[in-house]
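Q: Could you take a close look at one part of this model for me? I'd like to start with a single spot and then see how it ties into what surrounds it.
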Amino acid sequence: MAVNASYLGRTFPATEPYEVSRVKIADFAEAIGDRNPLYTDAGAAKAAGYPDVIAPPTFPIVITMAASRAAIGDPGLGIDYAMVVHGEQRFTYSRPLHAGDVVVAQSTISGIREVGSMTMVTTQTEIKTTGGELVCTGYGTLVERGSE
Amino acid sequence: MTTFADVAVGTDLPPASYPVTRLSLVKYCGASGDFNVIHWNERIARSVGLPNVIAHGMFTMAQAGRYVTDWAGDAGAMREFGVRFSAMVVVPDDDTGATIELSGTVEEKLDGNLVAVALTARSRDAKVLSRARAVVRLP
């Protein structure tokens, strides 16, 4: 199935507000095996100059995935999700997310390119506080393997 | 804590290795919300042509992130972080699982106390991350 190149540059609606919680950060840190106290101990995080426990650098994927799924899952784009693998991931950060942040995420399809029988689709997802502060931008590239 | 003045271009970070077991993947499914069956169901993983259950790419990226923030000494130091998933981390159903081995080299010192680190992640002799790079802000 061909990917619809006219989707390049298309921006999808922002997600509903997501509240970053201490419990979710602690669960994520435990799952990746990272015992850094700044993820679980609010006192240690405050002593290090943060308002509350902070989230690990890859935590924003939890938030960007929900937004980029809306873009990648759009039937008009024509991606066969069963044939998709995660090819690349990048984040830029103005600061770490912390417990208490309330954020929305919005995705734009920023790249579509074909390499042989594979199609690579990149979504750029901005995570902003509900006050409009840009905290993190995620760039995820999914690779659809050709079925022929 | 590593300071900007401490680091020199070309310096190698001390290598580290991190285990990944089936339990790690089950926990990561729950914590991340990514329940793709190839990360927990061997029968389906094999039926789609994989050698076994494989780790989430983002689990491997998380280990690389931990490697960098542990070195920097501040979990909030990351300003840029990017990887390419170049091979699978295959996780067998035993008590040992797999190992992800990280190494890194200081690549560049930039304005604003920023330091770029080039990273390599391997598992069973395969390079599982390529073009992996992190930029941290150091005091």
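Which residue stands opposite B:Val115 in β5(B)?

A: B:Val115 stands opposite B:Val136 in β5(B). Some ground rules before going on. This is a predicted model, where local features need pLDDT of at least 70, side-chain atom pairs count only at pLDDT 80 or more, and totals for chains, interfaces and linings use all residues. Residues are numbered from 1 along each chain as its sequence is written, while chains are lettered from A and ligands numbered from 1 in the order in which they are written.

Back to the strands (a strand is a DSSP run of E, at least two residues, and a helix a run of H or I, at least four, numbered from the N terminus). Strand β4 of chain B, residues 114–123, pairs with β5(B) in the antiparallel sense over 9 bridges; pairing takes at least two bridges found by DSSP. Now turn to another partner of β5(B), residues 126–137: β2(B) is joined to β5(B) by 6 bridges, and these two strands also run antiparallel. B:Val136 turns up again here, as the bridge partner of B:Met78.

Keep following β2(B), residues 78–85, and you cross into the other chain: 5 bridges join β2(B) to β2 of chain A, residues 84–93, again antiparallel. Two pairs to look up at this seam are A:Phe91 opposite B:Phe81 and A:Glu88 opposite B:Arg84.

Put together, the strands form an open sheet of 10, with antiparallel pairing and the order β1(A)-β3(A)-β4(A)-β5(A)-β2(A)-β2(B)-β5(B)-β4(B)-β3(B)-β1(B). At the edges stand β1(A), residues 18–19, and β1(B); each has a single partner strand, so one side of each is left without a neighbour in the sheet. As for what holds such strands side by side, strands of a sheet pair through backbone hydrogen bonds, either parallel or antiparallel.

Along that sheet in chain B, try B:Thr99, which is found in β3(B), residues 98–110. B:Thr99 counts as partly exposed because it has 13 C-beta neighbours inside 10 Å (with C-beta atoms placed from the backbone, 20 or more others within 10 Å make a residue buried, 12 or fewer exposed, and anything in between partly exposed). Leaving aside neighbours within four places in sequence, B:Thr99 is in contact with B:Ser17, B:Pro19 and B:Ser123, where contact takes C-beta atoms, placed from the backbone, within 7 Å.

How do the chains meet overall? In total, 28 residues of chain A are in contact with 28 residues of chain B. On the chain A side, α1, α3 and β2 each supply at least two residues, and the largest share, 8 residues, comes from β2(A). By class, that side has 16 nonpolar, 7 polar and 5 charged residues; here Ala, Val, Leu, Ile, Met, Phe, Trp, Tyr, Cys and Pro count as nonpolar, Asp, Glu, Lys and Arg as charged, and the others, Gly among them, as polar.

The helices join in too. α1(A) and α1(B) pack at an angle of about 155°, with axes 8 Å apart (axes are lines fitted to C-alpha atoms over the stretch in contact, with angles from 0 to 180 degrees between N-to-C directions). That makes α1(A) roughly antiparallel to α1(B); the cut-off for this is over 145 degrees, with under 35 roughly parallel, 65 to 115 roughly perpendicular and the rest oblique. Here A:Asp27, A:Phe28, A:Glu30 and A:Ala31 meet B:Lys27, B:Tyr28, B:Gly30 and B:Ala31, a set that divides into 4 nonpolar, 1 polar and 3 charged.

Within α1(B), residues 22–32, the buried residues are B:Arg22, B:Ser24, B:Leu25, B:Tyr28, B:Ala31 and B:Ser32. Their cover includes α1 and α3 of chain A together with β1 and α3 of chain B. After α1(B) comes B:Gly33, with a positive phi near 85°.

Over in chain A, A:Ile25 lies in α1(A) and is buried, with 25 other C-beta atoms within 10 Å. Not counting residues up to four places away in sequence, A:Ile25 touches A:Val20, A:Tyr39, A:Val53, A:Ala55, A:Phe59 and A:Ala99. A:Ala99 is 74 residues along the chain from A:Ile25, yet their C-alpha atoms are separated by 7.6 Å.

Terms used: Contact = placed C-beta atoms within 7 Å.
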